[in-house]
Amino acid sequence: NLILIIVCILALIPVWLILISSVTQEDSLVTYGYRFWPLKFSFESYKYLFAKGSIVIRAYRNTVLSTLIGTLFCTVSVALYAYPLSRTDFKGKGFFTFFSFFTMLFNGGIVSFYVICRQVLGIGNTLEALYLPLSFSAYWVIIMRTFYKTNVPESILESARIDGAGEWYTYLKIVIPLSKPGLATVALFAAVGLWNNFFNCMLLNDDSQWYNLQYTIYKMLNNIRFLKENAAQ
């Protein structure tokens with residue numbers, strides 16, 4: 001326990017230094033460097049970042065909205081696609097399983113992805129570019145199909161069918177309650193992937209109005225690095 005406590009403290013020290021430096025007056029930070037407690041408090045950096053019309057506020061808004069909407073889309077699409085594949089009486093499950101699995105092995109590449117998103121779907125410079133390409137995952141389809149098979153007994157579905165329940169009623173009232181852990185897992189990993197997504201924004205969004213948080217941080221760091229490297233000139 002002592003070793004783990006020491007490791008946790010060492011991991012938190014950089015985070016604490018960054019937090020303290022963010023509330024330290026700029027001239028004090030330049031003169032005395034990083035400290036564990038600020039000599040002069042200042043919240044000017046936060047006032048600048050979160051001022052009216054700030055790009056950081058827009059980035060947070062875009063990231064939160066895309067994460068919420070994309071997580072919902074991904075969870076629903078994966079759940080609905082995987083359920084028929086888990087049924088033994090679904091005749092087309094072999095074809096549709098291969099159809100989704102094939103996309104995990106081969107894809108059209110970045111160029112085709114860019115052309116389809118920009119010219120066919122028309123989602124360039126939109127909020128949809130942040131979540132729509134990630135609203136389905138063949139990998140999670142396979143995971144959910146396995147979860148359905150192992151946690152939803154076929155006997156329960158047969159009993160529901162004998163009692164006169166239709167497919168939608170059986171799925172919503174029986175299958176979904178039994179599948180909450182699997183759906184929660186898909187939603188969690190989808191949310192993490194959407195929140196951390198960087199590539200789609202860089203590729204599809206040129207307008208800063210639709211930047212997400214990760215790409216905004218990347219652009220800010222690049223701008224700061226450029227100014228620092230060229231300050232002498």
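Here are some notes to help you find your way around this structure.

1. First, keep in mind that you are looking at a predicted model. Confidence across the chain averages a pLDDT of 89, with 99% of the residues at 70 or more. Going element by element, helix α11 (residues 180-195) comes out with the highest mean, 94, while helix α3 (residues 44-49) has the lowest, 82. As a reading habit, predicted coordinates should not be read in detail where pLDDT is low.

2. Next, the fold. If you go looking for strands, you'll find zero of them; the secondary structure consists of 13 helices. Walking from the N terminus, you meet one α element after another: α-α-α-α-α-α-α-α-α-α-α-α-α.

3. What about overall dimensions? The radius of gyration of the chain is 24 Å, whereas a compact globule of 233 residues would be near 17 Å. Along the principal axes, the C-alpha atoms take up a box of roughly 80 × 55 × 35 Å.

4. On to the surface and the inside. Buried residues make up 29% of the 233 in the chain. The exposed area is about 15400 Å², and 69% of that comes from carbon and sulfur atoms. For contacts, take the pairs at least 6 apart in sequence: 65% of these join residues at least 24 apart.

5. A quick word on charge. There are 18 positive side chains and 12 negative ones in the chain. If you take the centre of each set, the two centres sit 2 Å apart.

6. Now zoom in on A190, which you'll find in helix α11, the element with the highest mean pLDDT. Is A190 buried or exposed? Its relative accessibility is 10%, so it counts as buried, the cut-off being under 20%. Leaving aside residues up to four places away in sequence, A190 touches T71 and C74. V175 is 15 residues away from A190 along the chain, and their C-alpha atoms are separated by 21 Å.

7. For another residue to look at, try V7, in helix α1 (residues 2-22). V7 has a relative accessible area of 47%, so it is partly exposed; a residue has to be over 50% to count as exposed. How far apart are the C-alpha atoms of V7 and T126? The separation is 43 Å, for two residues that are 119 apart along the chain.

Technical notes. Residues numbered from 1 in each chain as written. Heavy atoms only, no water. pLDDT = per-residue confidence, 0-100. Helix = DSSP H or I, 4+ residues; strand = E, 2+ residues; numbered from the N terminus. Rg over C-alpha atoms; globule rule 2.2 N^0.38 Å. Buried < 20%, exposed > 50% of the residue type's maximum accessible area, 1.4 Å probe, protein only. Contact = heavy atoms within 4.5 Å. Areas by Shrake-Rupley, 256 points an atom, 1.4 Å probe, with all protein chains shown as cover. Lys, Arg positive; Asp, Glu negative; His and termini not counted. Charge placed at Lys NZ, Arg CZ, Asp CG, Glu CD.
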